[in-house]
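Student: I have a structure open and would like to talk it through with you. Could we go through the helix packing, then the sheets, then a few single residues?

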Amino acid sequence: MKKIYIKILSAAMSALIAIGGIMPAFAADEPVAPDVWGDLTPGEVRESEGTPVVFDKNIAGAGEITDIYSRALGPATDYYRYSCKSGSVLQKIYVVESDPSRGGFVRGVSLGNSFGGRAKISSLKVDNEGDDRLLAGVNSDFFSMNTGVPMGVFVEDGRFVSSSDGRFAIGFDESGNATFGKVGDSISMSRGEETFEIHYLNKYPTVYCVYLLTEDFGATTSHAIDSKEYIISLESDIRFGEEVTGEIIEIRTGGQKGAIPEGCAVLVVPTLYSYRERYDGLALGDTVMLSAIANEQFTAINNAIGGGDVILDNGDITGTLTDESIETSRNPRTALGVTADGKLILTVIDGRQPSHSSGVTATSLAEIMRSLGCVNAINLDGGGSSVMVLFDSGSAKMVSSPSDKVERAVPNALTAYESRTATSDKHYIVATAPESVLFEGSEYILDVQLKNAAGETVEHEYNASNTKVYIEDDFGIIDFVDGDIMFVAGGGDRYGRLKIETVIDEETVSGEMYFEITSDVDTLEIDQTLLLSDFSGEVAVKAMATSGGREVFFGEALHVSSEQQDFMMALEGDTVYLWVNPWGFSEINGTLGVGGIITVSLGTKSISVPAYFGDNLALIFDMFVAESLKISKDGYKYYYDENGGVSGNGAFVISSPEKPVLFSEISLPELPIDETVTSEETAEPEETAEPEETIPPEPEPIEPFEVEIGSDALVSRGFDGRTFWMWADGLAANSRPYAVFEVTDDIGTRVCKVYYETYYDLMGFNGRALLKLTVDVGEGAIKYKTLLGYTAYDEEQHLEIGPVVLADKYNTNLYADTVTHWSGYYVNALSYMGIISGSEDLNGRLVYNPDEGLSREQFAKILVNYLKIDVEAYADTELDFADNADIAQWAVPFVKAAVGAGLMKGRSTPQDTIVFAPRDGIKRQEAIYVLGGLLDTEVSAELTFTDSDTVAPWAKDNFCRALGAGLISGYDDGSIRPEGGITRGEAATLVVRLYDYSSKS
């Protein structure tokens, strides 16, 4: 069907006016409940051999599951995200499940350039050509925040890299099977019959023990303690159960960051060590033997990494989890577990963010791991280090929300891989859950794709002979339609899931899908409030519904009706198509056309809107405006600019009356000068009094006056409690805009005056004010008496007003995660200015992540966009940072501009290099130093925060300026936290306040 859209008419304000005098007012049908089940029983699995099951809706230790997201990362790896609630406590849990039997495996990896080096997990490189495919990573072992050296064991490809110090560990054999426990490792050195004790392998040296440092530790010994060092050339790597021959090739004294030569190890014997004399007999040229041993279960492992306590042992929660306050308090957590059938479970739980996720105790962590099917599990490093990163898209994506707001650099990680060889003949299901809530009775074709190991979609027809669907009883009905799986949503308000198993090439592949069903909606909206088309055309009306802030999928459950028999209607998805039976029309006002009221219903909500089909739309439009639009102020004029408005879809322009010309300029001819002299004596000029200074009279102040733009036309039914939006350009802040309605219902007829709420006039947005109006009246006929009334203070005021539309056309909450967030106004304001933008989350929603930390490269972009710096002017700026390669490609132009303009500099490192640290969080005092320096003011205020003494001297002056200008105000506890990371929401707030202050100044 051909779709006809009339741009002027659909966008104009006449969408809600001027109906009464042109088309008859038809009564709308009452909503009719759709036939949800017919003769089928809820819960039936039609044509499928699937079995109704009951899925657990709780996770012990976390509470009731309120939302689940899942997707396959590959043939052997799945990702899950759980939202849970217990009372008022929220938890967010992220899980990666790896199946070794299908080619998945987990291994510990060292990050950074040395054993004590640190890097972000997201910095791991994805090898698209190698044998193994990187899919996910989480933080792993505890480590020293001072030195970066991990606390526990590390074994890589069978090489003994670092000792365990008696801590628990997780080990993996070559098949990917896991083992938990104490490593029981030790290393010693012998010369002939003499044995020399070595306390630690590759740990940061102190004066109390003897250390062996290999190339894995780094280029130097790093320490600065007084010691004797024996450089030993090694014939091979150190491995459990094997002896390595070595030769002492050098002896050093002093111990000041000595080099570790290639192929060598350094034995560090501190001068203050109590038994150092035992080692004094070692001499140049001595042949020594190094040997390492471990408990039997760890002797044959290929890879091992340290952790905290073992929290699950053969399905039982261990009794060692209540010894320390860190274990009994809620914190972010990371854990690794193994199920009874050998699957490996990587888990991260966010914490220290009460409105998002509070975190859990060690005991609750054990309960959660057991609920996820684990029989053995180990606690890993938590707190600000806890993070999960996915790589299945070919690049890193952090899916968890660290408590530091930014990803922390850590020394090592546990990573999930798949062997390309082992998975080459495997398939997996990508079952994408609907982003929207399903309305009861709606028919939804499940998005189920079968993929091969390369991620390519494989053609597959789902039918009763090759596919089983497991579904909760009464949750809905499953049917197979043309090779697809169709789900008919059951009744009630509930949350549930399906499990799909299908067979391809004798391989059984499964996938899960989770979604929500609702029996009613919170809002029902349509994208037009006046339906207009030429007589032979059609109108397409898109319907939208929400429940709990989420979009609702309703399909055929939407009900559309009209009393006008000439109208023909069809429903396709969320769109209603309307056209006219050409043999059933009638004339209206002498014009060939048909008019009537269309009612759209879903659940208990309904909307009724007028529709008109005619041959002379220009005439109809003129009639709307001429007969209905009224302006109360004499002399004011209006016209319609079809290309005006915020989006160019049309706007009414209200102009002040033209003033008459009060004075005309008159050109006087120049008088001739008389040069005749009548006397040689020149008479003294008479004294002339000084003219009195003329003070122009003060103009009389203009009395404020009311302007009303309105109509007597019938609007519609079904608008009670609804929200209307409109924008006005040129409306003063103190205008007190309002609307007036006449309501007629079973109580009688009354006039309601409702004031608009004004949004975003702080920064103007090119002078526009976005208005919001909620009508709180009962059912009945509603007439728009006044579309917009306001107090004017200037007779020459020029005003543009846009269309009145329903609900969210001008959405003041662009981002799904800022609707109730304290920074929502500032984030949206900055977005409307074009300075920031959001991103899509895993559910496809536009989000801003206001509580995440702001990286230095992101700050550079905000800064450059705010100052409107031309990045092309700095395209040739040389960046001389040691980490240039780490700057994201999208950020390079902004970093060049920020550095070239002198707004940002690099950071120095202990290695005497200068880095930009693009992905590090920008500190609060760094941001305030830059933004405070942009203030063109001498206003300053004394810092009286509880931690004012921690503000760096170089930042203090700009801190004081920022405080004086109202850019900052501190936290509820009286602190300002200069060394803390600034969040994305805080940064948006600072920039908006800077803009507002600068504009007023």
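**Helices, sheets and single residues**

Tutor: Since this is a predicted model, everything below describes computed geometry, and a good place to begin is the pair H7 and H9, where helix H7 (residues 856–866) and H9 have axes that come within 12 Å and cross at roughly 15 degrees.

Student: So how are H7 and H9 oriented to each other?

Tutor: They count as roughly parallel, because the crossing angle of roughly 15 degrees falls under the limit of 35 degrees used for that term, and it is therefore fair to describe H7 and H9 in this way. The handedness of their crossing is right-handed.

Student: Which residues of H7 and H9 meet there?

Tutor: On the H7 side they are Arg-856, Phe-859 and Leu-863, and these meet Glu-926, Ala-927, Val-930 and Leu-931 in H9. Sorted by class, the contact of H7 with H9 holds 5 nonpolar and 2 charged residues, with no polar ones.

Student: And H9 with H10, at what angle do the axes cross?

Tutor: The axes of helix H9 (residues 924–932) and helix H10 (residues 953–964) cross at roughly 65 degrees and come within 8 Å. The crossing in which H9 passes H10 is left-handed, whereas the one between H7 and H9 is right-handed.

Student: What makes up the contact of H9 with H10?

Tutor: H9 contributes Gln-925, Glu-926, Ile-928, Tyr-929 and Gly-932, while H10 contributes Trp-954, Ala-955, Asn-958, Phe-959, Arg-961 and Ala-962. These residues divide into 6 nonpolar, 3 polar and 2 charged. Glu-926 of H9 is in this list, and Glu-926 also appears in the contact with H7.

Student: Before we leave helices, which residues of H4 are buried?

Tutor: In helix H4 (residues 362–371) the buried residues are Ala-362, Ser-364, Leu-365, Ala-366, Ile-368 and Met-369. H4 is followed by Gly-373, which has a positive phi near 100 degrees.

Student: Zooming out, how many helices and strands are there?

Tutor: The protein has 11 helices and 65 strands, and 52% of its 1001 residues count as buried. As for contacts between residues at least 6 apart in sequence, 71% of them join residues at least 24 apart.

Student: Sheets next. What order do the strands take in the sheet that contains E32?

Tutor: That sheet is open, has 3 strands in the order E29-E32-E33, and is paired in the antiparallel sense. Strand E29 (427–432) and strand E33 (457–458) each have a single partner strand and stand at the edges, so one side of each is left without a neighbour in the sheet. Between strand E32 (residues 447–452) and E33 the antiparallel pairing runs over 2 bridges, and Lys-451 stands opposite Thr-457 in E33.

Student: What about the sheet with E16 and E17, is the pairing antiparallel or mixed?

Tutor: The pairing there is mixed, in an open sheet of 8 strands with the order E13-E12-E19-E17-E16-E18-E15-E14. Its edge strands are strand E13 (194–198) and strand E14 (200–201), each of which pairs on one side only. Within it, strand E16 (residues 227–234) and strand E17 (residues 243–253) run antiparallel and are joined by 7 bridges, and Lys-228 has Thr-253 in E17 as its bridge partner.

Student: Which loop just before E16 should I look at, and where is Ser-222?

Tutor: Ser-222 is in the loop between strand E15 (211–214) and E16. Its phi is near 70 degrees, which is a positive value in a residue other than glycine, and Ser-222 counts as partly exposed because its relative accessibility is 27%.

Student: Asp-157 has a positive phi too; is Asp-157 buried or exposed?

Tutor: Asp-157 counts as exposed, at 53% relative accessibility. Its phi is near 50 degrees, and Asp-157 lies in the loop between strand E8 (154–156) and strand E9 (159–162).

Student: Last one: what does Arg-107 touch?

Tutor: Leaving out residues up to four places away in sequence, Arg-107 touches Asp-132, Phe-172, Asn-303, Ala-413, Leu-414, Thr-415 and Tyr-417. Arg-107 is found in strand E6 (residues 104–110) and counts as partly exposed at 28% relative accessibility. Measuring C-alpha to C-alpha, Arg-107 and Ala-416 are 6.8 Å apart in space, although they are 309 residues apart in sequence.

Note on methods:
Residues numbered from 1 in each chain as written. Predicted model: local features only at pLDDT ≥ 70, side-chain atom pairs only at ≥ 80, totals over all residues. Heavy atoms only, no water. Axes fitted to C-alpha atoms, helices over the stretch in contact; angles between N-to-C directions. Helix = DSSP H or I, 4+ residues; strand = E, 2+ residues; numbered from the N terminus. Left-handed = near helix turned anticlockwise from the far one by under 90°. Contact = heavy atoms within 4.5 Å. Nonpolar A, V, L, I, M, F, W, Y, C, P; charged D, E, K, R; others polar. Parallel < 35°, antiparallel > 145°, perpendicular 65-115°, else oblique. Pairing = 2+ DSSP bridges. Buried < 20%, exposed > 50% of the residue type's maximum accessible area, 1.4 Å probe, protein only.
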